[in-house]
Structures are given as C-alpha cells and as structure tokens.
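Reader: I should like a close look at a single part of this model. Please describe one residue and its surroundings, and then turn to the cysteines.

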Amino acid sequence: MVFFNEPRKGNKKMKVLSINTVDARGGAARAAYALHKELKKEGYSSKMLVGERFSNDPDVFEITGRHGFSGRTGAPLRRFSGRVEELTGLQYFFSTGAGAILRHSAFKEADVVHLHNTHGGYLNLRAIKEIAGHRPVVWTLHDMWPITGHCAHSFDCEKWRHGCGQCPYLSTYPAISIDTTRMLFKAKRDIYEKSDFLITAPSRWLIEKFPLSMLSSKAARLVPNAIDAAVFRPKDPLGARKRLGLPADRFIAMFAASGGIKNPWKGFSYIVDAFGILKKRFNIMPYVVIIGEKSLNTSSLGIEAMSVGEVGNDELLSDYYAAADAYLLPSIAENSPLTALESLATGAPVICFNAGGAPELVLHKKTGYIAAYKDANDLADGIRWAFSLNSGEKKETAKKCVEFVKARHTIEAQAKAFLGLYETCLRQRRNGNAAF
C-alpha cells in the first residue's frame, strides 16, 4: 500500500482532465475541484468535464451528449432518464456515452484523465472502457459504488465480494426498483476486465476492500483527501462569532451536509437524541449551526439551532468552523469526509461515529472523539468531552488538530502525489505497458 508517490520534478507541459458529476457541490466535487485549482496554481494545464457546472471557472465544461442530458438545461431529461433507469434497474444504461467526452476538445488535448465519481446519471456505465482505451486513467473512488451492484455504500452487506443479487438495500442511493444487482455487478466486472486504469482512494477503510472486490487485479494507491490550509486555518473564535452574529458565550457545535438534516447518511437525528441526553443528565444545552439546507425551520427540531443554508464561499465557511467548539459528524456511512479535515484545520475538534474512514481522521480524545456506531449516548459523551475542556486544553486540542492536517492532508501534498501517479501512468503507456 502506497500513501504518496515520491514527487517528481513536474512536467509542466502535462495536461490533466478531471471528470466528475459536478464541480462544486458535495464532497467528491469539492475534492476534485480543489485539486484542479491547485494544479492550475502550480502551473499545469488542468480542465474539468462535468455533468453539471456550478462554478464560473473557464476551465470547467459541461459534457454535452447527443441527447442533451448534460448541464442545467438538460436537467429535466436527466431526471426522466434517471427515473427510467431506477424503475427498470438499468442503472446508467441511458446516460451520456463516451462519445460526447471523446469528441470534446478538453479530452483531445489531455495527456491523462482523472476520473472521480462516475455515478449520478451523467455518464454511461460503459464509458470507462472507451475513455481508458484512449488515455491513461487515474480513477479516485469516493465511495463504494464502483465495486457494488448498485449502491454507493453497502453498510453491513458484503455481497459485493461475491457478485451481489437479492440486494437488501435497493432504496439506498443510487436506488433501483428492480433487483438487477447481479447483472449490474457482472457488467461492471466485464468493463473493468477490458479496461486499464489505476485506482486511488482517500481512506484505508475503502482501499482495503479492493483486494476482496472486482477491482482486485488493479493497482491501487492510498492518496488522502486534502484541504487548502491557507483558507481553512486557525482564527480567533470570538472574532468569527462576532462576524457571523453567533452567541459569544455558548458552546457551539457545527453540522454540515449536502441537503442538510434531510441527508439520510449524515445522522442528524442522533444529534437531536444526544442533545436530549445532555440536557436531561447534565443540563448542557449546546447551540448548533446547521449548514447545507435551505429554508429549514429550526424551531421544529426541539433544540437550539440556526440554519444558514448552503455556504458557497470557503472563506466564510472557514469562519463557521472557527466559531465552533466542535464539529459533529454522526454519519452512518462515510469515506473520508472533507468537512472533518476543514474543521480540524481551523482547530475545531471532530466528534464522529466509528463509521467508514471517518475515524482515520480523528485521534480519540486528542483531536476529537470517536463514538460507538449509531450510539447517541456515546455521541453525547463525546460532546460532553469537548464541552468540558478548559481554556488551556482547548488551545492544546486546537494545536493538535491543525498539526494533524498539516502533516499529510494539505492540497499541495495531494497534488504532488497525483502528479507522481499521472507521470507513472504516462510512462507505462509510452512503454506499451498499460497494466499499471
């Protein structure tokens, strides 16, 4: 297992194309876009192709398929196509094929392609083989979807190790109504057997699944997720609270998720339960800031909370982290959450469940608290641990949080790691050895 390739003196003429569902919303998108920006900052040619574009970056382009499914104008058709795929179980059979990508100037100019999320209804299942047939490919897996019959997280199901079928979680994203998981599993496996690519993952939790999966024959590297430490950095908490209009004398916890409290994987209900336990047993009443959901009526939650909707500005987002005493991450499914790294980089400890790769980012009772899975009582204990820190302990905890991120989770280190992998793939392809 390799954490980072030894960085090489960069070939600044190398042109990189990243492909993802979107460019600015959700963890995978933000990770892909941050890497894209860092490559440009370092002087490389970097472009992105996405199913739907949200940024104003001139080097990000929407994939335009022959059916016009891409972009915001194609959203109704994409939703209709997605509904047909869900009802028939033919997941991503009707999405845009590789042709739209292969014809795009960004692809024609690229030396190497970096795939990110390939699910989301913007890319045909078979497109991977065609893309890999024309360019060296590095594929970063942000969840389990590439190794399962249909789902992005399998929870306690391990049928992905053997071939799927009789799926217990058909409604798990991306949902299907008919159990075609055995067929979809075989289709993916056949595509991978005919494709050459190098895979990466940001967590040990995920990468350790590869030898047991349909990707067992592929070379794999562990490249941790990363953040821009120049943006997500320590700030004066009281100053941040004043700028944001937050109470200066309360214990503030922060929760962030795409879709807010409605996101079924982020476990907000456990926060409500934990707050109830804290109030009943210890008369502790935290104040929670919720990010990610529009028009949320917090008065119905039964806790003291403020919802600020989506925060698209990273500098503003870093203010919210800096204002918090702790970041709450009671997810029931995770890979390597960027939100945890962003919080740690500002000095705010992370309280999470023992789920997926999240515990890899937390040093228990040093930079946060790892609670037992789906255990609201232990989550409450974690919040109480953070609440009980005195001023000196808070400073020491914040220092350890920042040091942890700077040691191996900066965007500069990640970019060097991927540049090394790109060079490896290019060299192997030039030498006629596509088996990376």
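Author: The following account takes up Glu334 and then the cysteines of this predicted model.

Glu334 lies in a loop, with β11 (326–329) on one side and α11 (338–346) on the other. Its relative accessible area is 7%, so Glu334 is classed as buried, the cut-off being under 20%. Within this buried setting, the side chain of Glu334 has polar partners. One is the side chain of Lys266, with a polar contact at 2.6 Å; another is the side chain of Ser331, which Glu334 contacts at 2.8 Å.

When residues up to four places away in sequence are set aside, Glu334 touches His153, Trp205, Lys266, Leu329, Ala355, Gly356, Gly357 and Ala358. Lys266 thus appears both in this list and as a polar partner of the Glu334 side chain. Leu329, also touched by Glu334, belongs to the range 326–329 given for β11.

As to the cysteines, the structure contains zero disulfides. Cys157 takes part in none, and the nearest cysteine sulfur, belonging to Cys167, is 6.2 Å away. Because a disulfide requires the two sulfur atoms to be within 2.5 Å, the 6.2 Å between Cys157 and Cys167 does not qualify. Cys157 counts as buried, at 15% relative accessibility. Cys352 is likewise in no disulfide; for this residue the nearest cysteine sulfur is that of Cys401, 12 Å away. Cys352 also counts as buried, with a relative accessibility of 0%.

Key
Residues are numbered from 1 along each chain as its sequence is written. This is a predicted model: local features need pLDDT of at least 70, side-chain atom pairs count only at pLDDT 80 or more; totals for chains, interfaces and linings use all residues. Side-chain values use heavy atoms; hydrogens and water are left out. Helices (H or I, at least four residues) and strands (E, at least two) are DSSP runs, numbered from the N terminus. Buried means under 20% relative accessible area, exposed over 50%, partly exposed in between (1.4 Å probe, protein chains only). A polar contact is a pair of N or O atoms within 3.5 Å; within protein, one must be able to donate a hydrogen and the other to accept it, and residues adjacent in sequence count only if both atoms are side-chain atoms. Contact means heavy atoms within 4.5 Å.
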